[in-house]
Amino acid sequence: MKPKRHLASSSKPASSFDNMEDEKDIGVESDEAGIQSVKDNPERIEVMTVQELRTILRSIGVPAKGSKRDLVSALKVYVEKKMEGWKFLLCAVGSSHVEIEEVSSISAESVSVKRKANTKSISGERKAKKFSHEEHAQEIYSVPEVSALQESKRRAKKSPIGDETGEVDAKAPVKTDKISGMYINSEMATDDSAVTLPTVQSEPWTMLAHKKPQKGWTAYNPRTMRPPPLAEGTKSVKLLSWNVNGLRALLKLEGFSVLQLAQRENFDVLCLQETKLQASIPVLLDEKDVESIKQCLLDGYENSFWTCSTSKLGYSGTAIISRIKPLSVTYGLGISDHDSEGRLVTAEFDSFFLLSCYVPNSGDGLRRLSYRITEWDPSLSSYVKELEKKKPVILTGDLNCAHQEIDIYNPAGNRRSAGFTDEERQSFGANFLSKGFVDTFRAQHRGVVGYTYWGYRHGGRKTNRGWRLDYFLVSESLADKFHDSYILPDVTGSDHSPIGLILKL
């Protein structure tokens, strides 16, 4: 770790800075014209010195810690939020996780909400998570009485997809009685007293977190980076994919509802990986198990297709759940050596094949690395290319590879970790990308750092220290037809987040 550089303090007192005409329009919070000036000309922030940035941030009550990149980012975010009408404080500047706390001075235009007569119940910090609505997110403002998040024990992850330490991450999903997997269920009080209090939620994924960021890289923010919805009447299909890390455990999470996910995202097809369901007959799922799961699903999604591991119980497993009835469904690659772990479901639709795939992890000590790159990857590649002779292919799921350095928080520390070895990355490129398949997220978001997996053990999601392991790969003929390839980082319940693809038909 490099020693901190101590900058000499300015010889001018802080108060004199506020009175100087040439500097107050840079962004001192007390000067509204200055904030507007910076907003109108944001390039001015980039050319400011570190000392100037720190002085301004301190004057508006924002901690001035970290590198110049951190200071510039903090001031830009402040100005952006200021112009939206909300005043807030950025805490922990300089780390990859920023919590946003409300300021005591609240705009009269804030959303009015009820509170209980007992003021003690709403004292202290009011925090809640922000989520995305439909194609564009909208903030939920409330006075939350949210109990502390409780960590529940859960089975350890199948193999060491490492964080920066390379350790195995024990999966410990978050559980709470008033926060669902996606939504804030803040209760409204029953009395007639009201207060206008906005709650600004924390979005750690919007902060650039990378050990070695390159010039021009930026953090993925679904609120600002997703395109407008398609014009009404445009024929399209919306696909969602999610490694749920155990479907039974996910559905048992207090406050979680598949109904909420479907209502919010309105997907046509949902692909699942790592369901960890068990079978009583080869490959296909026990009908009783299917029926118990279907009870948790939705009206309108009548078509569901499941496969699971028969070689190891409670392991792997994939599924496709659809409101559109497919023309045909197949399970596995048709190769017995690969098909005992329930890693692939293929559904044929009118204009494409859709594959829900869970690629084998190379495992602890890379014990399955050879199998992964010399057997599984080439076999899957041959399978999809054969399908492609009939119609275009969409391959989605947990493909267990962070292909480029931009796709992992700590590339240098994970060179020999499963999911980021040179061998796996080369195989990913050679078997899929070099054969015409397009990584839709990277095609749409060049230079954007967006992760889909965060280890539980070291709180990776809170600091946005993750990996991008989940993909929508499409045939080259579909490359100009996808409207949006996106990540839903606010949806919890698993150590992976869902990913989506909107395809014009």
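**Entry 1. Cysteines**

I began with the disulfides and arrived at a count of 0. The criterion I applied asks for a pair of cysteine sulfur atoms within 2.5 Å. I should record at once that the model is a predicted one. I then looked up two individual cysteines. Cys308 has 0% relative accessibility, so I entered this residue as buried. Cys401 is also to be listed as buried, because its relative accessibility is 0%.

**Entry 2. The protein as a whole**

I next noted the overall inventory. The secondary structure consists of 14 helices and 22 strands. The protein has 505 residues, and 53% of them are buried. I also looked at how far apart in sequence the contacting residues lie. Of the contacts between residues at least 6 apart in sequence, 71% join residues at least 24 apart.

**Entry 3. A sheet of six strands**

In what order do the 6 strands of the open sheet stand? I read the order as β12-β13-β14-β15-β20-β16, and the pairing is mixed. The edges are taken by β12 (328-331) and β16 (438-439); each has a single partner strand, so one side of each lacks a neighbour in the sheet.

I then followed one pair within this sheet. Strand β13, residues 344-348, and strand β14, residues 353-358, run antiparallel and are joined by 5 bridges. In this pair I found Val345 opposite Ser356 of β14. For background, I note that strands of a sheet pair through backbone hydrogen bonds, either parallel or antiparallel.

**Entry 4. Helix α11 and its neighbours**

Which strands does helix α11 lie across? I traced this helix, residues 369-387, across β12, β13, β14 and β15 (393-398). Its direction makes an angle of about 170° with β14.

Helix α11 also packs against helix α12, residues 422-431, at an angle of about 10° and with the axes 10 Å apart. I therefore describe α11 as roughly parallel to α12. The residues that meet include Leu369, Arg372 and Ile373 on the α11 side, and Glu423 and Glu424 on the α12 side. Asp377, Pro378 and Ser381 in α11 also belong to this meeting, as do Ser427 and Asn431 in α12.

**Entry 5. The loop between β15 and α12**

I turned to the loop between β15 and α12, where His403 is found. Is His403 buried or exposed? Its relative accessibility is 17%, so I counted it as buried, the limit being under 20%. Leaving aside neighbours within four places in sequence, I listed the contacts of His403 as Arg425, Phe428, Gly429, Leu433 and Tyr471.

Asn400 has its place in the loop between β15 and α12 as well. Its phi is near 50°, which is a positive value in a residue other than glycine. With a relative accessibility of 1%, Asn400 counts as buried.

**Entry 6. Lys276 and Trp242**

I looked up a further positive phi at Lys276, a residue other than glycine, where the value is near 60°. Lys276 is placed in the loop between β9 (269-273) and α10 (287-294). I recorded Lys276 as buried because its relative accessibility is 13%.

Trp242 belongs to strand β8, residues 236-243. At 2% relative accessibility, Trp242 too is counted as buried. I compared its position with that of Thr275: the two are 33 residues apart in sequence, and their C-alpha atoms are 9.8 Å apart in space.

**Entry 7. Strands β21 and β22**

I found strand β21, residues 482-487, mostly covered, with 6 of its 6 residues buried. Strand β22, residues 499-504, pairs with β21 in the antiparallel sense over 5 bridges. Within this pair, Ser485 stands opposite Leu501 of β22.

**Entry 8. The nonpolar cores**

Which residues of the largest nonpolar core touch the most other members? In this core of 44 residues I noted Leu239, Leu272, Leu354 and Ile394. A second, separate core has 21 residues, among them Val359, Val393, Cys401 and Phe432. Cys401, the buried cysteine of my opening entry, thus returns here as a member of the second core.

I closed with the contacts of Ile394, setting aside its neighbours within four places in sequence. They include Leu239 and Leu354, together with Phe352, Phe353 and Leu355. Phe472, Leu473, Val474 and Leu478 are also on the list, and so are Leu501 and Leu503.

How values were computed. Residues numbered from 1 in each chain as written. Predicted model: local features only at pLDDT ≥ 70, side-chain atom pairs only at ≥ 80, totals over all residues. Heavy atoms only, no water. Buried < 20%, exposed > 50% of the residue type's maximum accessible area, 1.4 Å probe, protein only. Pairing = 2+ DSSP bridges. Helix = DSSP H or I, 4+ residues; strand = E, 2+ residues; numbered from the N terminus. Contact = heavy atoms within 4.5 Å. Axes fitted to C-alpha atoms, helices over the stretch in contact; angles between N-to-C directions. Core = buried A, V, L, I, M, F, W, Y, C linked by side-chain atoms within 4.5 Å. Parallel < 35°, antiparallel > 145°, perpendicular 65-115°, else oblique.
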